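Colleague: I would like to go through this model term by term. Please set each value against its definition before you conclude anything.

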Amino acid sequence: MERKRILTGDRPTGPLHIGHYCGSLRERVKLQHQYHTFILIADVQALTDNFSNPQRVRDNVLEVALDNLAAGIDPACASIVIQSQMPAIAELTIFFMNLVTVARVGRNPTVKEEIKQKGFGDSLPFGFFGYPVSQAADILAFNAHLVPVGEDQLPMIELTREIARDFNRIYGDLFVEPEAKVGTVGRVKGLDGNAKMSKSLNNAIYLKDGPEELAQKVMSAYTDPTKARKNDPGHPDGCMVFYYHGIFSPNCPDIRQECLEGRRGCVQCKRQLIDSLEAELGPVRKKRRSLEADPGYVHQVLRQGIQAGREFSDAILARAKQAMRIDYREITK
Ligand code: TRP
């Protein structure tokens, strides 16, 4: 029987951080042996809000590829594909635009939040507003069954399911309605306590950060401002060091109580967090450094990924066009 497929992806607007890692990256690494996996580097989507800064997108394509490989993506199981190199995605996007209303796209809470955060005001680009439609094409071009993503991506998967359903109803059965799979930690807060870790908020720990950088970031994380001395009782809720312990130090159940009772100094607590982070991220960084030294290898992985991705998505596009009566086979044969 044909193996089920995964499609997931990242925007190459910066290197990947521990939010990506916990939300989706760790999950896709685990699932790659079970599913036929495609990992999309979404450069076209990155351009929707970086169209005037193409070099930034260009530079980060390689960074995102390195992060995926360093986290354990195995090119023998998974194809890493570059979105702009998949013409099928662009074509499907055009067809899917007919299947969604402007009002429906406008209700997407993630896009609404981004529009606010980026301060687009009256100059909201049409492409940015509509990127969820293109994201549906990312997923359906690979007819994926499963999409491992962070929590903020759930509205995109819902829209994709609706598009698949409508396409199948109108033109005939072709697309799988994909399921989302959110990692054990759906969303990771930033070092400053912001609900979202992101490059633009400057509150992220990156997979590529060196040990000193990582330590320095932990040392400067937001903590309980009322806890001045080592033996002051603290307020762990709201403290970002306590919060990250919850994610990266699952075997230390006493942290909360010790802090509350004033038996835990912040410096000691931070050092312990650095150790936990290093245990998880140290091996990823080590692998990344060795891949960074071998760009030829990474290029080869991408070349093969693009080839495999194109073959697969072109075949889906051909079937979609046939279903839509725009294949013109008797004319063009
Ligand atoms: N929108 C996703 C993000 O911002 C990236 C992405 C693009 C994606 N295409 C995708 C995720 C397809 C899952 C499936 O992180």
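Colleague: Why is H17 called buried or exposed, whichever applies?

Modeller: H17 has a relative accessible area of 6%. Buried means under 20% relative accessible area, exposed over 50%, and partly exposed in between, with a 1.4 Å probe and protein chains only. H17 is therefore called buried.

Colleague: What should I keep in mind about the source of such values?

Modeller: This is a predicted model, in which local features need pLDDT of at least 70 and side-chain atom pairs count only at pLDDT 80 or more, while totals for chains, interfaces and linings use all residues. Residues are numbered from 1 along each chain as its sequence is written, and side-chain values use heavy atoms, with hydrogens and water left out.

Colleague: Where does H17 lie, and which residues is H17 in contact with?

Modeller: H17 lies in the loop between β1 (5-10) and α1 (18-31). Helices (H or I, at least four residues) and strands (E, at least two) are DSSP runs numbered from the N terminus. Contact means heavy atoms within 4.5 Å. Leaving aside neighbours within four places in sequence, H17 is in contact with M197, S198, A204, I205, Y206 and L207.

Colleague: What makes P54 partly exposed?

Modeller: The relative accessibility of P54 is 49%, so P54 counts as partly exposed. P54 is placed in helix α3 (residues 54-71).

Colleague: How do you know whether T160 is buried or exposed?

Modeller: T160 has 0% relative accessibility and therefore counts as buried. T160 lies in helix α9 (residues 154-171). Not counting residues up to four places away in sequence, T160 touches A136, I139, L140 and P178.

Colleague: What is notable about phi in N143, and is N143 buried or exposed?

Modeller: N143 is not a glycine, yet has a positive phi of about 40°. N143 is in the loop between α8 (131-140) and β4 (146-149). With 4% relative accessibility, N143 counts as buried.

Colleague: And what is phi of Y328?

Modeller: Phi of Y328 is near 50°, a positive value in a residue other than glycine. Y328 is in the loop between α14 and α15 (329-332). At 45% relative accessibility, Y328 counts as partly exposed.

Colleague: What makes a set of residues a nonpolar core, and which members of the largest nonpolar core touch the most other members?

Modeller: A nonpolar core is a set of buried Ala, Val, Leu, Ile, Met, Phe, Trp, Tyr and Cys residues joined through side-chain atoms within 4.5 Å. The largest has 87 residues, and L92, F96, F142, F167, F175, V188 and Y244 touch the most other members. Helix α14 (residues 295-323) gives the most to this core, with 9 residues. A second, separate core of 6 residues includes V111, I115, Y131 and M156.

Colleague: How do you know that the radius of gyration agrees with a compact globule?

Modeller: The radius is taken over C-alpha atoms, and the globule rule is 2.2 Å times the number of residues to the power 0.38. For 333 residues that gives a value near 20 Å, and the protein chain has 22 Å, which agrees. The C-alpha atoms fill a box of roughly 80 × 45 × 40 Å along the principal axes.

Colleague: How many helices and strands are there, and what share of the residues counts as buried?

Modeller: The protein chain has 15 helices and 5 strands. Of the 333 residues, 53% count as buried.
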